[in-house]
Amino acid sequence: MSSNDCIFCKIVAKQIPAYVVYENDHCIAFLDINPVSYGHCLVVPKQHVETFADATPEVISELFKCVQQVAIAICKATNAAGFNVVINSGEIAGQVIRHLHVHIVPRYDNDGLTIDKQPSTKLDEAKAKQLVEKLQHMLKS
Ligand code: 5GP
Ligand code: ZN
């Protein structure tokens with residue numbers, strides 16, 4: 001399955017160029033065209049799936065095997081001290097390309113990135129209890 005006007009499907013099909021670092025039958029990993037840090041990579045399922053929520057467990061499983069492999073290699077290749085794994089799912093969350101992709105963002109000392117430093121609040125006990133009950137009910141198999 002592919003989408004004709006999807007840029008990542010075009011990269012998968014080699015119709016447009018990309019700096020591909022790894023691929024297998026299920027996934028492809030390539031450098032982000034506008035990296036936020038040295039080595040910033042995207043890992044993409046070859047199947048066109050719009051969001052994380054739309055993907056099958058099989059697609060997610062293969063995708064994350066690939067994410068782990070690529071992330072370990074990037075750290076070795078760049079001497080990054082660590083990395084962030086980010087999925088923007090849905091427009092509200094900043095997803096621009098509507099083909100599921102995982103960002104691997106290598107981290108360096110004093111790189112100035114703030115991915116991991118968002119303002120937070122204290123957990124509201126009443127709301128937490130209500131939410132946990134609802135979720136436990138929904139997630140019961
Ligand atoms: P999103 O905001 O959808 O999670 O991230 C999309 C990412 O794809 C951005 O970081 C952007 O720089 C990257 N990107 C968009 N178009 C291209 C492209 O044609 N080639 C590559 N390699 N990366 C792209
Ligand atoms: Zn696509």
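Two strands count as paired here if DSSP finds at least two bridges between them. In this predicted model, β4 and β5 clear that bar with five bridges, and they pair in the antiparallel sense. One of the bridge partnerships joins V86 to H103 in β5.

That pairing belongs to an open sheet of five strands, laid out in the order β1-β2-β3-β5-β4 with antiparallel pairing. As a general point, strands of a sheet pair through backbone hydrogen bonds, either parallel or antiparallel. At the edges of the sheet stand β1 (20–23) and β4; each has a single partner strand, so one side of each is left without a neighbour in the sheet. Going from one strand to the next, the twist averages 20 degrees.

Helix α2 (residues 57–78) lies across β1, β2 (27–31), β3 (41–45), β4 and β5, and it runs at about 20 degrees to β5.

Now for what sits inside. The largest nonpolar core has 17 residues, and V43, A55, L63, V70 and I104 are the ones with the most contacts inside it. The elements giving two or more residues to this core are β2, β3, α2 and β5, with α2 giving the most, at eight residues. I104 shows how parts of the chain come together: setting aside neighbours within four places in sequence, I104 is in contact with G39, H40, C41, V43, V67, V70, A71, I74, F83 and N84. Apart from this core lies another one, of nine residues, among them C6, F8, I28 and F30.

C6 also turns up at the metal site. The zinc ion (ligand 2) has four protein donors, namely C6 (SG), C9 (SG), H48 (ND1) and H99 (ND1), lying 2.0 to 2.3 Å from the ion. Why does the arrangement around the zinc ion (ligand 2) count as tetrahedral? The four donor atoms subtend angles of 104 to 117 degrees, and the cut-off for calling four donors tetrahedral is that all angles lie between 85 and 135 degrees. For reference, the ideal angle for four tetrahedral donors is 109.5 degrees.

In sequence, the donor residues of the zinc ion (ligand 2) follow the spacing C-x2-C-x38-H-x50-H. Within that set, the pair of C9 and H99 links distant parts of the chain: C9 sits in helix α1 (residues 7–12), while H99 is in the loop between β4 (82–86) and β5 (102–107), 90 residues apart. Both C9 and H99 are buried.

Definitions and conventions:
Residues are numbered from 1 along each chain as its sequence is written. Chains are lettered from A and ligands numbered from 1 in the order in which they are written. This is a predicted model: local features need pLDDT of at least 70, side-chain atom pairs count only at pLDDT 80 or more; totals for chains, interfaces and linings use all residues. Side-chain values use heavy atoms; hydrogens and water are left out. Donors are N, O and S atoms within 2.8 Å of the metal (3.2 Å for Na, K and Ca); water is not among the atoms, so sites may look incomplete. Four donors count as tetrahedral if all angles lie between 85 and 135 degrees; four count as square planar and six as octahedral if opposite donors are over 155 degrees apart and all others between 65 and 115; anything else is irregular. Helices (H or I, at least four residues) and strands (E, at least two) are DSSP runs, numbered from the N terminus. Buried means under 20% relative accessible area, exposed over 50%, partly exposed in between (1.4 Å probe, protein chains only). Axes are lines fitted to C-alpha atoms, for helices over the stretch in contact, and angles run from 0 to 180 degrees between N-to-C directions. Contact means heavy atoms within 4.5 Å. A nonpolar core is a set of buried Ala, Val, Leu, Ile, Met, Phe, Trp, Tyr and Cys residues joined through side-chain atoms within 4.5 Å.
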